[in-house]
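Welcome, and thanks for taking a look at this one with me. Please open the sequence and the model side by side before reading on.

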Amino acid sequence: MASTETHKKKPVDSDLSSAPATVDPHHADHHPLATVGWFTLDSHGRLVEANRATAHMLGLPLETLPHRMFSACILPADQEIHAAFHEQLLASGQPQECELRLLGPQGSVFLAYCNGTLNADQDGMPRVHMVLIDITQRRKTEEIGRAHV
């Protein structure tokens, strides 16, 4: 696997930059087969809600996600990337993006593009809305292409 340096915040390829900046979590039941994960975190990084695609990517039952710390799903080497991402999002209120290596089913690891926006719940408490896209295969294809050049 490439060093953590390659997973730090960087410009995103144009095909990913069209990913939705926000996802309405109340449409989860309307899109049960979505291939893009979305979830909401509270200001402490705990999952508030998520869709089935997120649960599938993480290899966890959907009903176990609420109140779980999202950081528990991140490889230890990428914890600082996520901490900086979360801190910057809360401080600036501006959309943020990064790439993180996450734990998947049966201890597997996958590379995820993460896009987050800051909103507030009905009580005015900060909520981070995240979009999660598994980019593992695309990254492997890019690395193979670079190796053959």
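The points below walk through charged residues and their partners.

1. A word on the source: what you see is a predicted model, and the distances here are computed from it. Residues are numbered from 1 along the chain as its sequence is written.

2. Let us begin with the pairing of charges. Side chains of opposite charge can pair when their charged atoms come close. Searching the whole structure turns up 6 salt bridges. The points that follow visit some of them.

3. Please find E99 and R139. These two form a salt bridge, with 3.0 Å between the closest N and O atoms. E99 belongs to strand β3 (residues 96-103) and R139 to helix α4, so the pair ties together parts that are 40 residues apart in sequence. Both E99 and R139 are buried.

4. Next, stay with helix α4, where E142 and R138 form a salt bridge whose closest N and O atoms are 3.3 Å apart. Because they are 4 residues apart in helix α4, about one helical turn separates E142 from R138. E142 is partly exposed at 25% relative accessibility, and R138 is partly exposed at 23%.

5. How are E99, R138, R139 and E142 linked? They are joined in a network of salt bridges. On your screen, you can trace it from E99 in strand β3 to E142 and R138 in helix α4.

6. Now turn to D121, which sits in the loop between β4 (109-120) and β5 (126-134). Is D121 buried or exposed? Its relative accessible area is 18%, so D121 counts as buried, the cut-off being under 20%.

7. Which residue forms a salt bridge with D121? The partner is R127, and the closest N and O atoms lie 3.1 Å apart. R127 has a relative accessibility of 19%, so R127 counts as buried too. The side chain of D121 also reaches the backbone nitrogen of D123, at 2.9 Å.

8. Lastly, have a look at K140, another residue of helix α4 (residues 136-147). K140 counts as partly exposed because its relative accessibility is 45%, and partly exposed covers what falls between under 20% and over 50%. Measuring from C-alpha to C-alpha in the model, you should find K140 and L111 10.0 Å apart in space, while 29 residues separate K140 and L111 in sequence.

Technical notes. This is a predicted model: local features need pLDDT of at least 70, side-chain atom pairs count only at pLDDT 80 or more; totals for chains, interfaces and linings use all residues. Side-chain values use heavy atoms; hydrogens and water are left out. Helices (H or I, at least four residues) and strands (E, at least two) are DSSP runs, numbered from the N terminus. Buried means under 20% relative accessible area, exposed over 50%, partly exposed in between (1.4 Å probe, protein chains only). A polar contact is a pair of N or O atoms within 3.5 Å; within protein, one must be able to donate a hydrogen and the other to accept it, and residues adjacent in sequence count only if both atoms are side-chain atoms. A salt bridge is a side-chain nitrogen of Lys or Arg within 4 Å of a carboxyl oxygen of Asp or Glu.
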